[in-house]
Amino acid sequence: MSLQDQGDCDTASDAVEVEKEAESQKGNDDAVPTSTAALKREERMKRLRELHLKRNEARKLNHVEVVEEDRKKRLPYNHDAKKSRVEWELAESEAKKKAEDKGENYERTKLLDVGADELDRLERKRKKKNPDQGFSGFAAAQFRQYQRLTRQMEPDVEAYEAQKEKLGEDFYATANTILDPILTAPSKEGVERMVKDLQKQADKRAKFSRRRQFFDDADIDYINERNMKFNKKASRFYNKFTAEIKQNLERGTAV
């Protein structure tokens with residue numbers, strides 16, 4: 001039974017008692033003085049008004065609970081975990097900032113409150129969670145890069161709190177939330193930070209060169225490195241058509 005139904009039942013039962021009491025005393029109103037009857041009637045009406053107020057209050061509370069329950073159902077299944085993770089990162093960032101203001105090493109200060117067995121467990125968990133198994137596929141490499149980049153990001157606590165206060169309940173958006181693009185537009189500092197990060201990634205990719213395999217027993221059909229690259233590109237498209245001609249030339253049986 002909901003809060004509204006319970007409140008309606010209680011109110012209805014109390015109202016019935018008030019009506020019965022009124023009927024039982026109706027026959028005695030003639031024998032009682034007029035002032036006393038008016039006071040009793042006023043008291044009954046006051047009690048009835050209080051019951052109506054309680055019923056309305058129960059309806060409002062029930063409506064609020066129904067709306068809140070519906071809002072929680074529309075949230076993602078991992079909403080609470082994400083929220084607690086963000087709050088933990090903000091607390092970690094604030095503690096690191098305080099340690100830097102005091103001139104302390106935050107990593108060493110944090111480890112003073114952690115036991116050796118706990119550190120050993122965290123280290124085993126870290127190695128198990130993020131093992132370096134080499135290249136297994138482009139999707140896995142891209143995912144590892146995403147994790148590495150997100151770990152390097154440092155949240156802006158002040159901007160986070162300002163946007164949270166500005167958006168209110170819409171800060172934790174749902175599927176039906178429509179946000180104002182002006183309020184949610186990124187700042188110039190954020191755009192510049194993103195551009196610098198993308199430029200850094202581009203520079204790193206430009207310097208990276210994977211090691212290519214070289215086969216000593218392969219046929220030498222080129223005169224320089226440029227000609228070797230051209231022959232590889234040509235063979236990629238025309239090898240299946242020229243394979244027989246090339247074999248005949250090598251055997252000396254070409255017509």
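Start with the whole chain: of its 255 residues, 9% count as buried. Keep in mind as you click around that this is a predicted model. Colour by secondary structure and you'll get nine helices and zero strands. Walking from the N terminus, the order is simply α-α-α-α-α-α-α-α-α.

**Stop 1: the largest pocket**

Select Arg85, Trp88, Glu89, Glu92 and Arg151. You're now at the residues nearest the centre of the largest pocket, which has 34 residues in its lining. The space inside comes to about 1800 Å³. To see what surrounds it, show helix 3 (79-102), helix 4 (106-111), helix 5 (116-129), helix 6 (138-152) and helix 7 (157-167), the elements that each give two or more residues to this lining. Which helix gives the largest share of that lining? Helix 3 does, with nine residues.

Now colour the lining by residue class. You should find 18 charged residues, eleven nonpolar ones and five polar ones. If you're wondering how such empty space gets found at all, rolling a probe the size of a water molecule over the atoms shows where it is left.

**Stop 2: a salt-bridge network**

Keep Glu92 selected and add Glu107 and Lys110: these three are linked in a network of salt bridges. Glu92 is also one of the residues nearest the centre of the largest pocket, so you've just been there.

Zoom in on the Lys110 and Glu107 pair. Their side chains meet in a salt bridge, at 3.8 Å from N to O. Both residues sit in helix 4, and because they are three residues apart, about one helical turn separates them. How covered are they? Lys110 is partly exposed, at 32% relative accessibility, and Glu107 is partly exposed too, at 41%.

**Stop 3: two more salt bridges**

The count for the model is eight salt bridges. The general idea is that side chains of opposite charge can pair when their charged atoms come close.

Move on to helix 5 and pick Glu118 and Arg121. Here the closest N and O atoms are 2.5 Å apart, in another salt bridge. The two residues are three apart in helix 5, about one turn of the helix. Glu118 has a relative accessibility of 30%, which makes it partly exposed, and Arg121 is partly exposed at 37%.

Then jump back along the chain to helix 2 (residues 34-74) and select Asp70 and Arg74. What separates this pair along the helix? About one helical turn, because they are four residues apart. They form a salt bridge, with 3.0 Å between the closest N and O atoms. Check the surface at both ends of the pair: Asp70 has a relative accessible area of 36%, so it falls in the partly exposed class, and Arg74 is in that class as well, with 47%.

**Stop 4: the second largest pocket**

Select Met153, Glu154, Pro155, Asp156 and Arg193. These lie nearest the centre of the second largest pocket, lined by 32 residues. Its volume is about 1400 Å³. Bring up helix 3, helix 6, helix 7 and helix 8 (188-207), since each of them supplies at least two residues of the lining. Helix 8 gives the most here, with eight residues.

Apply the class colouring again. This lining divides into 15 nonpolar, eleven charged and six polar residues.

**Stop 5: a nonpolar patch**

Switch on the surface and select Val191, Met194, Val195 and Leu198. Together they make a nonpolar surface patch of about 350 Å². Within that group, click on Met194, which is found in helix 8. Is Met194 buried, partly exposed or exposed? At 48% relative accessibility, it counts as partly exposed.

**Stop 6: a buried tyrosine**

For the last selection, go to Tyr160 in helix 7. Is this residue buried or exposed? Tyr160 is buried: its relative accessible area is 18%, and the cut-off for buried is under 20%. To finish, draw a distance from the C-alpha atom of Tyr160 to that of Phe171. These residues are eleven apart along the chain, and the viewer should give you 10.0 Å.

Note on methods. Residues are numbered from 1 along each chain as its sequence is written. This is a predicted model: local features need pLDDT of at least 70, side-chain atom pairs count only at pLDDT 80 or more; totals for chains, interfaces and linings use all residues. Side-chain values use heavy atoms; hydrogens and water are left out. On a 1 Å grid over the protein atoms alone, a cavity is a set of points where a 1.4 Å probe fits but cannot get out, and a pocket is an open set with protein on both sides within 12 Å along at least five of seven lines; lining residues have an atom within 4 Å of a point. Grid points are joined across faces, edges and corners, and a volume is the space filled by probe spheres set on the points. Ala, Val, Leu, Ile, Met, Phe, Trp, Tyr, Cys and Pro count as nonpolar, Asp, Glu, Lys and Arg as charged, and the others, Gly among them, as polar. Patches are made of residues with over 30% relative accessible area and no salt bridge: like charges are joined within 9 Å, nonpolar side chains (Val, Leu, Ile, Met, Phe, Trp, Tyr) within 5 Å. Accessible areas come from the Shrake-Rupley method with a 1.4 Å probe; for residues, only the protein chains shown count as cover. A salt bridge is a side-chain nitrogen of Lys or Arg within 4 Å of a carboxyl oxygen of Asp or Glu. Buried means under 20% relative accessible area, exposed over 50%, partly exposed in between (1.4 Å probe, protein chains only).
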